[in-house]
Protein chains: 2
Amino acid sequence: MQPKTKYSRQRLAILNELKSRCDHPTADVIYAEVRKTIPNISLGTVYRNLGFLAQNGDILKIPATAGSEHFDGNPAPHYHFKCNICGNVSDVALDLMPNLTEMAGNLVDGVVTGHSIMFEGKCGLCAETYKK
Amino acid sequence: MQPKTKYSRQRLAILNELKSRCDHPTADVIYAEVRKTIPNISLGTVYRNLGFLAQNGDILKIPATAGSEHFDGNPAPHYHFKCNICGNVSDVALDLMPNLTEMAGNLVDGVVTGHSIMFEGKCGLCAETYKK
DNA sequence: TGATATAATGATAATGATAACTATTTTCGG
DNA sequence: CCGAAAATAGTTATCATTATCATTATATCA
């Protein structure tokens, strides 16, 4: 039997913080934010819970080429856009294409259960700032 | 003026190793392999050159959710499949969809220059091994 | 071909993100 | 309110990757 989850103040604060914002922060950003209400929360607790919540399907982990991982409070699959300058990740309101998963399933040896799309480029803010 | 590149034995060996294989190894796999011909090559040199070659457009860096980065000797854009069990990354022979980039460009604030798709699931080998 | 400027290396130390450890504290069902 | 089990804080450890720097290799050019 799997251990029964106990929802601690810290876990709920982390989940709420992530749910209440529409960007996709890294663990240390969450840490800084949650510390405003729970000053002595440990960074380890933040990582532990982000991992737990992701495994639990409450949030998403977003893979990154450089630096640290980003987290998404919206567990429903959707696509992302990453700025190559500042590293920020945002949502892309593009309809899901489940048929892609299906098509890939016919092409690879194994079982394909899903896919993710990461768009890249320069975000509006950075395009403004570094408009060379 | 940018510094003029000097093609060392080490850099060429790393590039060749990556070009000669069709999987997508991590830096330490490359290191182990190149060490067979250049035994005293430094791990730092491997990382330095993988970064250099990626920036130069000779190879690709493949983002990963967990663990370490993977590298691809084929710099032409294409899609990938990652096994959630063993972590291996392989190519997916799906036609490119440049129109996705275009569509995303109309939806985000900023400039979208490209996209990548990562399929996930269980590779043939792991499906065989862990067929619970 | 040999001198020279400079890019690249090897070895190692440093960094940064994340995971593991452990004694103590919280949580929650009875 | 009790007690077992889960979670925490604080800390140390681990792992991938970068930076540093004295030395070596590369390419250009006289």
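Buried area is the accessible area (1.4 Å probe) that two parts lose on being put together, summed over both. In this predicted model, chain A and chain B bury about 2500 Å² between them, with carbon and sulfur atoms giving 66% of that.

Let's stay with the two chains for a moment. Each side brings 33 residues to the contact. Ten residue pairs are in polar contact across it (both at pLDDT 80 or more), while the salt-bridge count is zero. On chain A's side, α4 (98–105) and β5 (110–123) are the elements that give two or more residues. The top contributor there is β5(A), with 14 residues. By class, chain A's side splits into 19 nonpolar, nine polar and five charged residues.

How do the two β5 strands run? β5(A) and β5(B) (residues 110–123) are antiparallel and joined by 13 bridges. In that pairing, A:I117 sits opposite B:I117.

Now for the DNA. Strand D has 20 residues around it, and A:K6, A:S8, A:T45, A:R48 and B:Y47 come nearest. Of the strand D atoms within 4 Å of the protein, 72% belong to sugar and phosphate. Here are some contacts to its phosphate oxygens:

| Residue | Protein atom | Distance to a phosphate oxygen of strand D |
|---|---|---|
| A:R48 | polar side-chain atom | 2.4 Å |
| A:R11 | side-chain N or O | 2.8 Å |
| A:N40 | backbone N or O | 3.3 Å |

Both chains take part: α1 (9–19) and α3 (43–55) of chain A, plus α3 (43–55) of chain B, each supply at least two residues of the surface near strand D. α3(A) gives the most, three residues. That surface has seven charged, eight polar and five nonpolar residues.

Technical notes. Residues numbered from 1 in each chain as written. Chains lettered and ligands numbered in written order. Predicted model: local features only at pLDDT ≥ 70, side-chain atom pairs only at ≥ 80, totals over all residues. Heavy atoms only, no water. Near = heavy atom within 4 Å. Polar contact = N/O pair within 3.5 Å; in protein donor to acceptor, adjacent residues only side chain to side chain. Helix = DSSP H or I, 4+ residues; strand = E, 2+ residues; numbered from the N terminus. Nonpolar A, V, L, I, M, F, W, Y, C, P; charged D, E, K, R; others polar. Contact = heavy atoms within 4.5 Å. Salt bridge = Lys/Arg side-chain N within 4 Å of Asp/Glu carboxyl O. Pairing = 2+ DSSP bridges.
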